[in-house]
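Work through the following exercises with the sequence and the coordinates open side by side. Each task is followed by a solution that proceeds step by step.

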Amino acid sequence: THEKNLLGTAKTLICNKEFFRNKVGILIHADNFYEGDLSDFLIAHLSKPKKCLLTMLTFTTDIPKSCGVVEIDSDGIVTKFYEKVKNPPTNLANGAIYAFNNDFLDYINQLPGTISDFSKDIIPSLVGKIHSYHTDSVYLDIGNYDAYAKANNIAKDFQKIDFD
């Protein structure tokens, strides 16, 4: 869809939620580079704990204050979420790649107030109901030129791989 005026990461999903009805939906923020394959992520989502409404891809970051970070329990369920805080207590970062089903779509229908940003308006309300899937694949925030250039170099190397 085209948005003449940007709605925000959450509002865009809400306005298009029926597109995802009766499917596994994936929400991916476009300002990141992920070298991994999403197959294992989707398999993890399909086997998530029943109480979880969402699966979040997580990665280890060297710069946790520039990311939303999470704490998880022994079952991989997010127990705390911190969105870009000055002194983050962990370096386990939210990768801004999410998988969901109808139960999540029903949940967002019930949220009160104005909802625009996924990380600020939805994630905090889901603590305890988010399953994390951790990746060791290359994951970069490409919101600055140096990181974007690094991602381009990695992608060029990746494109040289012969899959036949």
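**Exercise 1.** Decide whether lysine 84 is buried or exposed, and state where lysine 84 lies and what its phi is.

*Solution.* Begin with the accessibility in this predicted model: lysine 84 has a relative accessibility of 52%, and because the exposed class begins over 50%, lysine 84 counts as exposed. Next, locate the residue along the chain, where lysine 84 falls in the loop between E5 and E6. Finally, read the backbone torsion: phi of lysine 84 is near 45 degrees, a positive value in a residue other than glycine.

**Exercise 2.** Carry out the analysis for asparagine 22: which loop holds this residue, and is asparagine 22 buried or exposed?

*Solution.* The loop in question is the one between helix H2 (17-20) and E1. With a relative accessibility of 65%, asparagine 22 counts as exposed, since this value is over 50%. Its phi, near 65 degrees, is positive, and asparagine 22 is a residue other than glycine.

**Exercise 3.** Describe how strands E4 and E5 are joined, and identify what stands opposite valine 70 and isoleucine 72.

*Solution.* Strand E4 (residues 68-72) and strand E5 (residues 78-83) run antiparallel and are joined by five bridges. Valine 70 has phenylalanine 81 of E5 opposite to it, while isoleucine 72 faces valine 78 in E5 as its opposite residue. The hairpin formed by E4 and E5 has five residues between the strands, and glycine 76 in this hairpin takes a positive phi near 80 degrees.

**Exercise 4.** Establish how many disulfides the structure holds, and classify cysteine 52 and cysteine 67 as buried or exposed.

*Solution.* By definition a disulfide is a covalent bond between the sulfur atoms of two cysteines. The structure holds zero disulfides. For the accessibility step, the buried class requires under 20%; cysteine 52, at 0% relative accessibility, therefore counts as buried, and cysteine 67, with a relative accessible area of 11%, is buried as well.

**Exercise 5.** Characterise the largest pocket by its volume, its central residues and the composition of its lining.

*Solution.* The volume comes to about 1,100 Å³. The lining is made up of 46 residues, and the closest to the centre of the pocket are Asp31, Asn32, Tyr139, Leu140 and Asp141. Several elements give two or more residues to this lining, including helix H1 (9-15), strand E3 (54-60) and helix H6 (145-159), and the largest share, five residues, comes from E6. Sorted by chemical class, the lining residues divide into 18 nonpolar, 19 polar and nine charged.

**Exercise 6.** Which elements have the lowest and the highest mean pLDDT, and what is the mean for the chain?

*Solution.* The chain has a mean pLDDT of 89, with 95% of its residues at 70 or more. Among the elements, H6 has the lowest mean, 75, whereas strand E7 (residues 130-134) has the highest, 97. As a general caution, predicted coordinates should not be read in detail where pLDDT is low.

**Exercise 7.** Place serine 119 in the fold and relate its position to serine 47.

*Solution.* Serine 119 belongs to helix H5 (residues 118-122), and its relative accessibility of 10% means that serine 119 counts as buried. Serine 47 is 72 residues apart from serine 119 along the chain, and their C-alpha atoms are separated by 23 Å.

Terms used: Residues are numbered from 1 along each chain as its sequence is written. This is a predicted model: local features need pLDDT of at least 70, side-chain atom pairs count only at pLDDT 80 or more; totals for chains, interfaces and linings use all residues. Side-chain values use heavy atoms; hydrogens and water are left out. On a 1 Å grid over the protein atoms alone, a cavity is a set of points where a 1.4 Å probe fits but cannot get out, and a pocket is an open set with protein on both sides within 12 Å along at least five of seven lines; lining residues have an atom within 4 Å of a point. Grid points are joined across faces, edges and corners, and a volume is the space filled by probe spheres set on the points. Helices (H or I, at least four residues) and strands (E, at least two) are DSSP runs, numbered from the N terminus. Ala, Val, Leu, Ile, Met, Phe, Trp, Tyr, Cys and Pro count as nonpolar, Asp, Glu, Lys and Arg as charged, and the others, Gly among them, as polar. pLDDT is the predictor's confidence in each residue, from 0 to 100. A disulfide is a pair of cysteine sulfur atoms within 2.5 Å. Buried means under 20% relative accessible area, exposed over 50%, partly exposed in between (1.4 Å probe, protein chains only). Two strands pair if DSSP finds at least two bridges between them.
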